[in-house]
Amino acid sequence: MHKLPPILEFPRDDTIVAIATPPGRAALGIVRISGPEAINIVSNLWSSKKAVEKLPGGSANVGSVKLPNGISDTAVITVWRCPKSYTGQDLIELTLHGSPALLAEVEKAAITFGARAAAPGEFTLRAIMNGKLSVSEAGAISALIE
(Lines give C-alpha, C1' and ligand atoms only; values in the text may rest on other atoms or scores of the structure.)
Protein backbone atom coordinates (compact mmCIF):
# COMPACT_ATOMS: atom_id res chain seq x y z
CA MET A 1 0.00 0.00 0.00
CA HIS A 2 1.26 3.49 -0.87
CA LYS A 3 1.75 6.05 1.86
CA LEU A 4 0.03 9.40 1.36
CA PRO A 5 2.27 12.42 0.79
CA PRO A 6 2.74 14.24 4.13
CA ILE A 7 0.81 17.31 2.91
CA LEU A 8 -2.35 15.18 2.57
CA GLU A 9 -2.09 14.22 6.24
CA PHE A 10 -2.30 17.84 7.45
CA PRO A 11 -5.55 19.03 9.02
CA ARG A 12 -7.74 21.06 6.68
CA ASP A 13 -9.82 22.88 9.27
CA ASP A 14 -7.11 24.91 10.99
CA THR A 15 -5.71 28.29 9.99
CA ILE A 16 -2.49 28.48 8.00
CA VAL A 17 -0.04 31.29 7.22
CA ALA A 18 2.78 31.73 4.72
CA ILE A 19 4.80 34.38 3.00
CA ALA A 20 3.34 34.37 -0.51
CA THR A 21 6.09 36.26 -2.31
CA PRO A 22 9.50 34.89 -3.36
CA PRO A 23 12.40 35.12 -0.92
CA GLY A 24 14.56 38.23 -1.08
CA ARG A 25 14.20 41.96 -0.77
CA ALA A 26 11.49 43.70 -2.76
CA ALA A 27 9.38 46.82 -2.62
CA LEU A 28 6.40 44.75 -1.47
CA GLY A 29 5.77 41.39 0.13
CA ILE A 30 2.60 39.44 0.90
CA VAL A 31 1.70 37.32 3.91
CA ARG A 32 -1.35 35.11 3.32
CA ILE A 33 -3.57 33.66 6.09
CA SER A 34 -6.40 31.20 5.40
CA GLY A 35 -8.79 29.30 7.63
CA PRO A 36 -11.57 29.70 10.16
CA GLU A 37 -9.50 31.88 12.51
CA ALA A 38 -7.92 34.14 9.85
CA ILE A 39 -10.08 37.15 10.75
CA ASN A 40 -9.45 36.74 14.50
CA ILE A 41 -5.71 36.24 14.06
CA VAL A 42 -5.29 39.27 11.82
CA SER A 43 -7.44 41.41 14.13
CA ASN A 44 -4.56 41.09 16.65
CA LEU A 45 -2.18 42.66 14.12
CA TRP A 46 -4.31 45.13 12.15
CA SER A 47 -4.91 48.76 13.02
CA SER A 48 -7.15 51.08 11.02
CA LYS A 49 -10.40 53.03 11.27
CA LYS A 50 -12.34 49.85 10.47
CA ALA A 51 -11.81 46.60 12.34
CA VAL A 52 -10.96 43.52 10.27
CA GLU A 53 -14.28 41.95 11.25
CA LYS A 54 -16.14 44.84 9.58
CA LEU A 55 -14.23 44.82 6.30
CA PRO A 56 -16.32 43.44 3.44
CA GLY A 57 -15.12 40.51 1.36
CA GLY A 58 -13.42 41.43 -1.88
CA SER A 59 -12.11 44.66 -0.41
CA ALA A 60 -8.66 46.17 -0.03
CA ASN A 61 -7.99 48.73 2.69
CA VAL A 62 -5.00 50.69 3.94
CA GLY A 63 -3.96 50.59 7.58
CA SER A 64 -1.09 49.38 9.74
CA VAL A 65 0.26 46.08 10.89
CA LYS A 66 1.44 46.36 14.48
CA LEU A 67 3.56 43.49 15.74
CA PRO A 68 3.95 42.37 19.37
CA ASN A 69 7.65 43.34 19.26
CA GLY A 70 6.72 46.99 18.58
CA ILE A 71 7.41 47.02 14.83
CA SER A 72 4.74 48.75 12.76
CA ASP A 73 4.33 49.09 9.00
CA THR A 74 1.80 50.68 6.69
CA ALA A 75 0.02 47.89 4.83
CA VAL A 76 -2.85 46.97 2.54
CA ILE A 77 -5.21 44.27 3.74
CA THR A 78 -7.21 42.29 1.20
CA VAL A 79 -10.09 40.33 2.69
CA TRP A 80 -11.77 37.36 0.99
CA ARG A 81 -14.71 35.82 2.84
CA CYS A 82 -15.60 32.13 2.78
CA PRO A 83 -16.51 30.64 0.32
CA LYS A 84 -15.52 33.34 -2.21
CA SER A 85 -11.76 33.02 -1.86
CA TYR A 86 -8.97 31.08 -3.52
CA THR A 87 -9.03 28.44 -0.78
CA GLY A 88 -12.78 28.48 -0.16
CA GLN A 89 -12.07 29.67 3.41
CA ASP A 90 -11.75 33.11 4.97
CA LEU A 91 -8.50 34.38 3.45
CA ILE A 92 -6.54 37.53 4.18
CA GLU A 93 -3.53 38.90 2.36
CA LEU A 94 -1.36 41.53 4.04
CA THR A 95 0.76 43.51 1.58
CA LEU A 96 3.64 45.20 3.38
CA HIS A 97 7.08 46.48 2.56
CA GLY A 98 9.13 43.56 1.25
CA SER A 99 11.82 43.22 3.91
CA PRO A 100 12.35 39.48 4.50
CA ALA A 101 12.81 40.15 8.22
CA LEU A 102 9.52 42.09 8.41
CA LEU A 103 7.57 39.41 6.53
CA ALA A 104 9.05 36.71 8.78
CA GLU A 105 7.99 38.69 11.87
CA VAL A 106 4.42 38.99 10.55
CA GLU A 107 4.32 35.25 9.85
CA LYS A 108 5.74 34.55 13.34
CA ALA A 109 3.13 36.83 14.95
CA ALA A 110 0.30 35.07 13.10
CA ILE A 111 1.64 31.75 14.42
CA THR A 112 1.78 33.21 17.93
CA PHE A 113 -1.91 34.15 17.60
CA GLY A 114 -2.95 30.66 16.46
CA ALA A 115 -2.04 30.00 12.83
CA ARG A 116 0.13 27.13 11.66
CA ALA A 117 2.92 27.57 9.10
CA ALA A 118 1.61 26.29 5.77
CA ALA A 119 3.44 23.60 3.85
CA PRO A 120 4.43 24.38 0.24
CA GLY A 121 1.32 24.05 -1.92
CA GLU A 122 -1.08 23.87 1.01
CA PHE A 123 -3.15 26.89 -0.04
CA THR A 124 -3.69 25.27 -3.44
CA LEU A 125 -4.44 21.91 -1.81
CA ARG A 126 -7.18 23.59 0.21
CA ALA A 127 -8.54 25.16 -2.98
CA ILE A 128 -8.75 21.68 -4.53
CA MET A 129 -10.27 20.08 -1.43
CA ASN A 130 -12.88 22.86 -1.18
CA GLY A 131 -13.91 22.57 -4.83
CA LYS A 132 -12.39 25.88 -5.91
CA LEU A 133 -9.87 24.33 -8.33
CA SER A 134 -9.53 21.05 -10.18
CA VAL A 135 -6.28 19.11 -10.07
CA SER A 136 -5.73 20.12 -13.72
CA GLU A 137 -6.17 23.81 -12.86
CA ALA A 138 -3.77 23.46 -9.94
CA GLY A 139 -1.23 21.87 -12.30
CA ALA A 140 -1.66 24.78 -14.69
CA ILE A 141 -1.04 27.25 -11.87
CA SER A 142 2.11 25.37 -10.89
CA ALA A 143 3.33 25.41 -14.50
CA LEU A 144 2.60 29.12 -14.78
CA ILE A 145 4.58 29.85 -11.61
CA GLU A 146 7.52 27.73 -12.82
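Which residue in β5 is the bridge partner of G63? A75 is that partner. Keep in mind that this is a predicted model.

Let me place that pair in the sheet. The sheet is open and has seven strands, in the order β3-β4-β5-β6-β2-β1-β7, and the pairing is mixed. At the edges stand β3, residues 46-47, and β7, residues 116-117. Each has a single partner strand, so one side of each has no neighbour in the sheet.

I will go inward from β3. Two bridges pair β3 with β4, residues 59-66, in the antiparallel sense. S47 has S64 of β4 as its bridge partner.

Two helices pack on this sheet. Helix α2, residues 100-112, touches β1, β2, β4, β5, β6 and β7. The direction of α2 makes about 150° with that of β6. Helix α3, residues 122-129, touches β1, β2, β6 and β7. For α3, the angle quoted is with β1, about 135°.

Back to the strands. β4 and β5 are antiparallel, with eight bridges between them, and the G63 and A75 pair belongs here. The two strands form a hairpin with five residues between them, and in that hairpin G70 takes a positive phi near 95°.

Next comes β6. β5 and β6 run antiparallel and are joined by five bridges. Here I77 stands opposite L94 of β6.

As background for the pairings, strands of a sheet pair through backbone hydrogen bonds, either parallel or antiparallel.

Methods: Residues numbered from 1 in each chain as written. Predicted model: local features only at pLDDT ≥ 70, side-chain atom pairs only at ≥ 80, totals over all residues. Heavy atoms only, no water. Pairing = 2+ DSSP bridges. Helix = DSSP H or I, 4+ residues; strand = E, 2+ residues; numbered from the N terminus. Contact = heavy atoms within 4.5 Å. Axes fitted to C-alpha atoms, helices over the stretch in contact; angles between N-to-C directions.
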